[in-house]
Amino acid sequence: MWYSVLQKSHLHTSVHLLKKAAHNLKGNGTAAHVHNYRCRSAFKLLEIDDKYKLLKPGFNVIDCGAAPGAWSQIAVHRVNSTGASEYNPTCGTVVGIDLLHIAPLDGAHFLSNHDITDPVTLAKLLELLPGAQPHVIMSDMAPNASGFKEMNHEKVITMSLIDLAEKVLQTGGSLICKYWDGALAHQLQQKLSAVFRDVRTVNPKASRKLFFLARSYRKNKIVWLYIFMHVVSFVHLQ
Ligand SMILES: C[S@@+](CC[C@H](N)C(=O)[O-])C[C@H]1O[C@@H](n2cnc3c(N)ncnc32)[C@H](O)[C@@H]1O
């Protein structure tokens, strides 16, 4: 008897959870439509940015894995890259990159059909940001295959993001990137902690995915360490 009661209550809970998930999906989908966002992933970034205030008027932003463009829509609005804000005259820049085509968006430059891991993409990115080092790099990129390939892709993506940050991000800048729980996540966190002062995991309610939020980029840490070691060895030789 107890078994059947437990079975019923378990079934009830599962049905309830499924209904709730369906309701949330429908709710977010409708809300995305109402707000004219290109997809409901917009709500993840809104939630993160409302809390951590990463995107400010005048900031330059790189959106990695930008298609269909919902994160870029939010960035355009928050950094005022169209200059439409009545309250703040400073205009930022938004550059989005994706393997797929991204439909044009007022206030954003898109590198459609570009791979973030390809050096050609970096060269084009630098052309679009002449002299303006980005304040924020954001990545909602997802691996596109399964099995070993997925694992490799995940690794390549995350390493490319760190490489990109080291090449272009300005001192004090931030990186927000989706990650997958596992051994690689720990490695990534360690690498991020070596070059960012504050690294934390964020888990927006609007998403089942986890993100690393890395803030206060220390650009010249390695260069300063190198200079420091030379000074120490010079003093020892005297
Ligand atoms: C979840 S979607 C991003 C949704 C986007 N944040 C938005 O709000 O519209 C993930 C994207 O990452 C892109 N992507 C995956 N690997 C990539 C790579 N190596 N270079 C560029 N884009 C990549 C995929 O093509 C896909 O469009």
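1. Ligand and backbone atoms. In this predicted model, a polar backbone atom of G69 lies 2.9 Å from an oxygen atom of the ligand. A70 also takes part through its main chain, with a backbone N or O atom 3.0 Å from a ligand oxygen atom. On the nitrogen side, a polar backbone atom of I116 is found 3.0 Å from a nitrogen atom of the ligand. Taken on its own, the ligand has 600 Å² of accessible area, and the protein covers 89% of that area.

2. Elements and residues around the ligand. Two or more residues of the shell around the ligand come from each of the elements α3 (70-79) and α5 (148-168). The ligand is surrounded by 21 residues, of which S41, G69, D98, D115 and D140 come nearest. Sorted by class, the shell consists of 12 nonpolar, five polar and four charged residues.

3. S72 and its surroundings. Helix α3, one of the elements named above for the ligand shell, also holds S72. Is S72 buried or exposed? With a relative accessibility of 0%, S72 falls under the 20% cut-off and therefore counts as buried. Which residues does S72 touch, when those up to four places away in sequence are not counted? They are D63, A66, V94, L105 and F110. For D63 the model shows a polar contact as well, made between the side chains of S72 and D63 at 2.7 Å.

4. E47 and its exposure. E47 is placed in helix α2, which spans residues 42-52. Its relative accessible area is 26%, a value between the limits of 20% and 50%, so E47 is classed as partly exposed.

5. E47 and the segment P204 to A206. Once neighbours within four places in sequence are left aside, E47 is in contact with P204, K205 and A206. Two backbone nitrogen atoms are reached by the side chain of E47: that of K205 at 2.6 Å and that of A206 at 3.0 Å. Along the chain, E47 and A206 are 159 residues apart, while their C-alpha atoms are separated by 7.6 Å.

6. Points to inspect in the viewer. For the ligand, the backbone atoms of G69, A70 and I116 may be displayed together. For the protein itself, the pair formed by the side chains of S72 and D63 may be set beside the approach of the E47 side chain to the backbone nitrogen atoms of K205 and A206.

Notes: Residues numbered from 1 in each chain as written. Predicted model: local features only at pLDDT ≥ 70, side-chain atom pairs only at ≥ 80, totals over all residues. Heavy atoms only, no water. Helix = DSSP H or I, 4+ residues; strand = E, 2+ residues; numbered from the N terminus. Buried < 20%, exposed > 50% of the residue type's maximum accessible area, 1.4 Å probe, protein only. Contact = heavy atoms within 4.5 Å. Polar contact = N/O pair within 3.5 Å; in protein donor to acceptor, adjacent residues only side chain to side chain. Near = heavy atom within 4 Å. Areas by Shrake-Rupley, 256 points an atom, 1.4 Å probe, with all protein chains shown as cover. Nonpolar A, V, L, I, M, F, W, Y, C, P; charged D, E, K, R; others polar.
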